Structures are given as C-alpha cells and as structure tokens.
Amino acid sequence: AQGDIDGVFPECGRTNSIVMSEALAKDLRGWLVEPDFASTQRTPLVLDRNQRRLAENQDNTRYRRLRGPAGSGKSLVLAARAARLANEGKSILVATYNITLWHYLRDLIVRELDSPARIRNIQFANFHYWCKRTCYDIGWGERYDALWRRLSEAQSKKHEEEILEAILSVELPNLANEAVQHPEANKFDAILVDEAQDYLPLWWTVLRKSHKPNGEVLFVADATQDVYGTAKAWTDEVMTGAGFTGRWSQLSVSYRLPPKALDMARLFAQTFLPKDAVDLPEPEQGALELYPCNLRWVQCERNAADQVCLREVENLMRQTGTKGLANADITILASDLQSGAEVVKCIESRNVRVVNTFGENNRRQKMGFYMGDARIKATTMHSFKGWESRLLTIYVKEVTDPKSLALIYTGLTRLKRSQNGSWLTVVCSAPRLADFGKRFDEYVLG
C-alpha cells in the first residue's frame, strides 16, 4: 500500500471509511508475508554431486564418518540418507545432542520422503531420551526413575549439580548399556548422529549397540563448533575403538552463509579459536554478488543490553515491512537462558509475541520450538546449532572461556543466504570483542 489505504464496509445500510496509516500498513506487511521457512519447505532438498553421493552410499559402507564446517551440508546429507532409508522401509534412529535439532532435521527429511507416512520409520532422540526409552521399552522404568530420585538427597546446589553430572555422564549410560542388550530392546537398521562432536565416547559406545547386525552408521561432526568441550575426547584411537576406520569423508564449501558473513565467521575462527580445532568453511565460487547481506554490530553495556536488543529487533521489523520479509523469520539467539529470558520479556512488553525456550519448563518449550511457528523466534545459541535463519539477532553477553568463543562462532554461522538478502545483527556487551565488531559493515555504540 502506498499512502493511506481506504476500506469500505457496509454496515446497517451505511458506508464507513477506515483509514490505515502507512506505518500500520508497514507493520502488517511483516506479519502477512509468507515466511522463508514455509516456501522452502515445499521444495526438495538441493544437494551437490558430492553430497548426493554421500547420501546414496552406493558402496553400502556400514560405518561412515562425515565432517565439515558450518553450512557445508552435513545435516542435508544426513537428512537425505535418512529419507532414502525410510523410503526403503528401514528403521532409523536419528540421534542428536540438542532436542531442538530434531525438528530441523525432521523438516529436512520430509522434503525427501515418498509419502508423509514414511516418517514413522524414523525415531528422533537425543542420547539421554534414548536411554529413557530403552529402559522403559523393556520394563525397567523403576530402575530408571530410581536414578533421578537421588537428586532429592542433594544437600546443596553444588551437590545437586555433582549428582546430576554423575547420572548423565556415567550412571544413566551404564544402565542403558545393560538395557540395550536385553532381548526385547529395540534395534535399528541405521543410526545417524548429527553434531556428533557433542557426544562423549562412552555415550556412543552404548548407543551403537542399538543397531541391528550389519546395521548402518553415519557419524556427522564439526569440531570447530565444540561448544561443550567434548570434541577433544575423539582421538584417532578412540574413533578406531568406536568402529570407524579409514579417512573421514569431507565437505568444505559453505552453501548456507552469504559470502560477507562467511568472511566474518572465518576471521572470527582464525582470531579466537584454537588452530588445531578449526575447520573453516570455503566460499562457493561466484556467489559474492548473488547473496547480499547486512552486517551490523552494536557494542553496549550489559545493563542496557535487553533494551538494545529490543531496539534492534524493532529496527529489523521495520525492514521487513518495506522489503517483503516476514517477521516470523526473525530469530534472536542468546548465550544463556537468563539473558535470553530478559530479552524476551522486554520484547513481549511491546505486545510482540515470541516463541522461545527460556521458561521454567525448558524441555517442553524446546519440544515446541519450530521455525514454522508464526511468531518471532528466540532461543540459545546452543539450541540453534544446525539451524539457520535469514534475519538473525545475536546477543553476546560475555566471553569467559574457549567454549564461549566456539559458541559465538556457532551463532555467527547460523545466517542463511538468500538472493533477496540476509540480515545479521550482533548485540555485544563483552569488551574483548569490541575491536572485532569494528570489522562489520556497521559498528555503533548502543
């Protein structure tokens, strides 16, 4: 609409004229435009020749491991392979570390299925949920529940954290190791693990026992996104003991990131991440002019960060109203639950609805976090691993250790390229990163 929009509605024999301002029209456009996710979901997966070859596994190799940098198509290969096996009637376990990644992988997989019903051949789980299901499937629910009752014995917050760590890292895997060898335990024709660098070797030792004799395994990893500090445990010796031999299959070219954002992500990794753990994405030749993007860095004080994030999201919403973009594609990533909750509270105070994972019932909210939701999205950078968005706002509160730097790299690599443009805004209250922020197209003090 240009200028005021007049609508005429008959009511009780009279004609009433309603005038819509240009500002309101712009706001409505952002909510009425079809989200990028919705249009993408109607198209088959696009894989290059190497990705397609890996997805087809024509040599029928039983144990395969695939690595590559952010945006190189690792999850696409996994999704295409899962769909192909499901179309053949095989049973598949798709395993992740983060719950939210299930939804992203499911959305990819259904684009390659012969029919929607084929999705029933695939079970999605993170490791600890798989442990629970395995125990319950064979009637060991009481033994499983007994582990968690130990938390009531905690005498302090620190003691509770110690008990929880022991349960998740050792005791529950040991129980699942017994359960999976039970004759009634469920077995799969294939196990496909995404973001495998987040798994501990012990977890994989247990999980691999759930595939059938001669079952297939695809192990997908990127050590550069080592946000939990677990990747270093996967030495060559450990990998051999886990069933993997020969070289890794490798993907190198980034098909997700716009070229300018790719350059920034590479520079960040080269500046802040350990040299022996960096697998840098390579640009696609000739893509520079095809995928424009806007890079903005706002350096601010921590006590003002939530208001700055609100302002930047509102600025982005004004962009959507004039450039044919959808507000539902706006995604906010925070480095932790507390700061994310503060940002969401601030945004919702302006009557803008946000689907997020920052509430008290964090697990349930993660289960309900979909890009297909019509609201603005907000979650942690941990939970958005593997995902992508054209309209991204990242809040970096502080830098404390190498894991926090790997997490920021992960956030920077979530931007999705588009011929219609992409927008990345970083709101940063960590002084250590201020000089790096000056490399962005726009650098402002908030």
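Start by selecting Leu 66 and Ser 249: Ser 249, in β8, is the bridge partner of Leu 66. Keep in mind throughout that this is a predicted model.

**Stop 1: the sheet**

Now widen the selection to the two strands around that pair. Strand β3, residues 63-67, pairs with β8 in the parallel sense, over two bridges. Colour the rest of the sheet next: six strands form an open sheet with parallel pairing, and the order to follow across it is β5-β4-β6-β7-β3-β8. You began at one edge, since β8 (249-250) and β5 are the edge strands, each pairing on one side only. As background, strands of a sheet pair through backbone hydrogen bonds, either parallel or antiparallel.

**Stop 2: the other edge**

Move across to β5 and show β4 (residues 92-96) beside it; the two run parallel and are joined by five bridges. One pair to pick out is Leu 93 with its bridge partner in β5, Gln 123. Trace the backbone here: the chain goes from β4 through α5 to β5, making a right-handed β-α-β crossover.

Is β5 an enclosed strand, and which way do its residues point? Turn on its side chains to look. Ile 122, Phe 124 and Asn 126 point one way, Gln 123 and Ala 125 point the other way, and all are buried. Five of the five residues of β5 (residues 122-126) are buried, so the strand is largely enclosed by the rest of the structure.

**Stop 3: the largest pocket**

Switch on a pocket display. Rolling a probe the size of a water molecule over the atoms shows where empty space is left. The largest pocket has a volume of about 1,300 Å³. Select Tyr 97, His 128, Leu 164, Leu 168 and Lys 366, the closest to its centre among the 33 residues of the lining. Then colour α6 (127-137), α7 (141-149), α8 (157-179) and α14 (362-367), each of which supplies at least two lining residues. The largest share comes from α8, with eight residues. Coloured by class, the lining of the largest pocket shows 14 nonpolar, 10 polar and nine charged residues.

**Stop 4: the second largest pocket**

The second largest pocket holds about 1,000 Å³ of space. Its lining has 41 residues, and those nearest the centre are Thr 40, Leu 76, Arg 111, Glu 388 and Lys 416. Show α2 (36-40), α4 (74-87) and α5 (100-110), as each gives at least two residues to this lining. Four residues come from α2, which gives the most. By class, the lining of the second largest pocket divides into 13 nonpolar, 15 polar and 13 charged residues.

**Stop 5: the cysteines**

Select Cys 300, Cys 309 and Cys 428. How many disulfides are there? The count is zero. The sulfur of Cys 309 has its closest cysteine sulfur in Cys 300, 6.8 Å away, which is too far for a bond. Cys 428 is in no disulfide either, with the nearest cysteine sulfur, that of Cys 300, 7.4 Å away. Check the surroundings as well: Cys 309 is buried, at a relative accessible area of 1%, and Cys 428 is buried at 0% relative accessibility.

**Stop 6: a loop lysine**

Finish on Lys 232, in the loop between β7 (211-221) and α10 (236-241). Is Lys 232 buried or exposed? With a relative accessibility of 65%, Lys 232 counts as exposed. Add Gln 197 to the selection: Lys 232 and Gln 197 are 35 residues apart in sequence, and their C-alpha atoms are 8.5 Å apart in space.

Conventions: Residues are numbered from 1 along each chain as its sequence is written. This is a predicted model: local features need pLDDT of at least 70, side-chain atom pairs count only at pLDDT 80 or more; totals for chains, interfaces and linings use all residues. Side-chain values use heavy atoms; hydrogens and water are left out. A disulfide is a pair of cysteine sulfur atoms within 2.5 Å. Buried means under 20% relative accessible area, exposed over 50%, partly exposed in between (1.4 Å probe, protein chains only). On a 1 Å grid over the protein atoms alone, a cavity is a set of points where a 1.4 Å probe fits but cannot get out, and a pocket is an open set with protein on both sides within 12 Å along at least five of seven lines; lining residues have an atom within 4 Å of a point. Grid points are joined across faces, edges and corners, and a volume is the space filled by probe spheres set on the points. Ala, Val, Leu, Ile, Met, Phe, Trp, Tyr, Cys and Pro count as nonpolar, Asp, Glu, Lys and Arg as charged, and the others, Gly among them, as polar. Two strands pair if DSSP finds at least two bridges between them. A crossover is right-handed if, with the strands pointing away from the viewer, the path from the first strand over the helix to the second runs clockwise.
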